[in-house]
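Please look over the sequence and the structure shown here. The briefing that follows covers two topics.

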Amino acid sequence: WGLCNDYGTEDHLPPQIYQREGRRIVGLETLTEYDIDPTFEKDLPAGQVKSAPVPKPSAVALQDYPIDIHRVDLSNPGAWVSLPWDTGVYQVPFGIMLPQGYDNLLVTTAVSATHVAYGSLRMDPLRMLLGQVAASAADLCLRPDEPLPVPELNVYILQRELIRQGCM
């Protein structure tokens, strides 16, 4: 057990107190900053997204919070990347909640994402929504007549159930 060494420190601990995230799973899918903004490197200096996000057929949630990495250099607008395209949202795929190698585990907070993409995913409204996704998926997988491992759940059925419940 221990912290991942994202920060390159000898003891694997962040160099400062208050780090907003810890370990993340390696999921069946990994959300990256390029899923949110395909031209991220070009857009970063201006701090504004110029291309629409990558559509995700396995989407179970929408997120509208920008990529928010706390800046050290306040003169650099690129530490905050806003979402100005038409809808202002991107799709969050179900596979980021499913750890590789496990059949019956759903993760709602330490999802499979890069550090930069997690700067957008970390917001409480999305975490609450992913909790509802996990509960709905578990309910569909634990049906007494036909239980099934979570990775085998048809995401289309899960999407229809979430829509029935009024999820965004």
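**Cavity and helix contact**

By the counting rule used, this predicted model has one cavity of 30 Å³ or more. The points below deal with the lining of the largest cavity and then with the way helix 4 meets helix 5.

**The largest cavity**

- The volume of the largest cavity is about 40 Å³.
- Its lining consists of Thr108, Thr109, Val111, Tyr118, Leu121, Arg122, Leu126, Arg127 and Leu130.
- Helix 3, which spans 115-121, and helix 4 each contribute at least two residues to this lining.
- Helix 4 gives the largest share of the lining, three residues.
- Sorted by class, the lining residues are five nonpolar, two polar and two charged.

**Helix 4 against helix 5**

- Helix 4 covers residues 124-141 and helix 5 covers residues 155-164.
- The axes of these two helices come within 10 Å and cross at roughly 120 degrees. Helix 4 is therefore oblique to helix 5, because angles of 65 to 115 degrees count as roughly perpendicular and only those over 145 as roughly antiparallel.
- The crossing of the two helices is right-handed.
- On the helix 4 side, the residues in contact are Gln132, Val133, Ser136, Ala137 and Leu140. On the helix 5 side, they are Ile157, Leu158, Glu161 and Leu162.
- Sorted by class, the contact of helix 4 with helix 5 has six nonpolar, two polar and one charged residues.

Notes:
Residues numbered from 1 in each chain as written. Predicted model: local features only at pLDDT ≥ 70, side-chain atom pairs only at ≥ 80, totals over all residues. Heavy atoms only, no water. Axes fitted to C-alpha atoms, helices over the stretch in contact; angles between N-to-C directions. Helix = DSSP H or I, 4+ residues; strand = E, 2+ residues; numbered from the N terminus. Parallel < 35°, antiparallel > 145°, perpendicular 65-115°, else oblique. Left-handed = near helix turned anticlockwise from the far one by under 90°. Contact = heavy atoms within 4.5 Å. Nonpolar A, V, L, I, M, F, W, Y, C, P; charged D, E, K, R; others polar. 1 Å grid on protein atoms, 1.4 Å probe; cavity = no way out; pocket = protein on both sides within 12 Å on 5 of 7 lines; lining within 4 Å. Points joined across faces, edges and corners; volume = space filled by probe spheres on them.
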